[in-house]
Structure formats: structure tokens, C-alpha cells
Amino acid sequence: MEIVFNNLFENAVDHGKADTIYITSERIDDNFIIYVKDNGKGIQDNKINKIFDIGYSTGSTGFGLAIAKKIVEAHNGKISVTSKEGKGTTFAIILPIEK
């Protein structure tokens, strides 16, 4: 999971030009949700559906978010993103709580 967070932080700073990153979490039913929210420039609507695709990039290798998604999925989790141009981006990592 360290790689996941490193990729999210690097994207926020390098691509989103964020200067603040917030991390919060909550438990909903049998899931633990971690939110990584930044105050960067946001992701354009026409690009947001592509950011987890292997090789998709706006200036780097295009592997960071694809790898992050694969790692989260390897933990039986999901990752999603919401963003608004000029208002920042929020990633939600949903992980099941093991019993």
C-alpha cells in the first residue's frame, strides 16, 4: 500500500500542482475507506475515465495510477476518483475489513 500512497501523493504534487493533501478515513459496514484529497488543479472531465489505464499519461510514464489500482485490487479493494477542474481531486480507496 505504500506504493499506492506514494503514487497518489506524487500525482497530486507533480500533475495536479497541489500544495496540500488531506488524508481521512471512515468505516462503512465491513469496509474501511481512505480518502486522499488534494487542492490541486483537478482532472479534466474528458481525461478522468482514462487515468487508471496502463500507459495513459499527461507527462510521465503512465504506470503510477494503473499500478496503484492493481495493488488495491490485489487487496480485494477498489479505488475511485472524483475531481473538479480548479477544485482538486479526491481518491477513495475502499478495502474490506477482514474478519
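Start by colouring the predicted model by confidence. Select helix H2, residues 45–48: confidence in the protein is lowest here, at a mean pLDDT of 88. Now select strand E2, residues 31–38, where confidence is highest, at 98. Then show the whole chain. Its mean pLDDT is 91, and 91% of the residues reach 70 or more.

**The whole fold**

Switch to the cartoon view. How many helices and strands are there in the protein? There are 3 helices and 4 strands. Trace them from the N terminus. The order is α-β-β-α-α-β-β.

Next, show the C-alpha trace. Along its principal axes it spans about 40 × 25 × 25 Å. The radius of gyration is 13 Å, which agrees with the value near 13 Å that a compact globule of 99 residues would have.

Look at how the chain comes together. Take the contacts between residues at least 6 apart in sequence: 55% of them join residues at least 24 apart.

**Helix H3**

Select residues 64–74. This is helix H3. Which of its residues are buried? They are Leu-65, Ala-66, Ala-68, Ile-71 and Val-72. Show their side chains.

Now find what covers them. Select helix H1, residues 2–14. Add strand E3, residues 78–84, and strand E4, residues 88–96. These three elements are among the cover over the buried residues of H3.

Step just past the end of H3. Stop at Asn-76. Its phi is positive, at about 60 degrees.

**Strand E1 and Ile-23**

Select residues 21–28. This is strand E1, and Ile-23 lies in it. What does Ile-23 touch, leaving aside residues up to four places away in sequence? It touches Phe-9, Ile-34 and Tyr-35. Show these three side chains with Ile-23.

Keep Ile-23 selected and add Ile-97. The two are 74 residues apart in sequence. In space, their C-alpha atoms are 19 Å apart.

**The surface**

Finish with the surface view. The accessible surface of the protein comes to about 6,400 Å². Carbon and sulfur atoms account for 50% of that area. Beneath the surface, look for the buried residues: they make up 34% of the 99 in the protein.

Last, colour by charge. The protein has 12 positive and 13 negative side chains. How far apart do the centres of the two sets lie? They lie 5 Å apart.

Key: Residues numbered from 1 in each chain as written. Predicted model: local features only at pLDDT ≥ 70, side-chain atom pairs only at ≥ 80, totals over all residues. Heavy atoms only, no water. Buried < 20%, exposed > 50% of the residue type's maximum accessible area, 1.4 Å probe, protein only. Helix = DSSP H or I, 4+ residues; strand = E, 2+ residues; numbered from the N terminus. Contact = heavy atoms within 4.5 Å. pLDDT = per-residue confidence, 0-100. Rg over C-alpha atoms; globule rule 2.2 N^0.38 Å. Areas by Shrake-Rupley, 256 points an atom, 1.4 Å probe, with all protein chains shown as cover. Lys, Arg positive; Asp, Glu negative; His and termini not counted. Charge placed at Lys NZ, Arg CZ, Asp CG, Glu CD.
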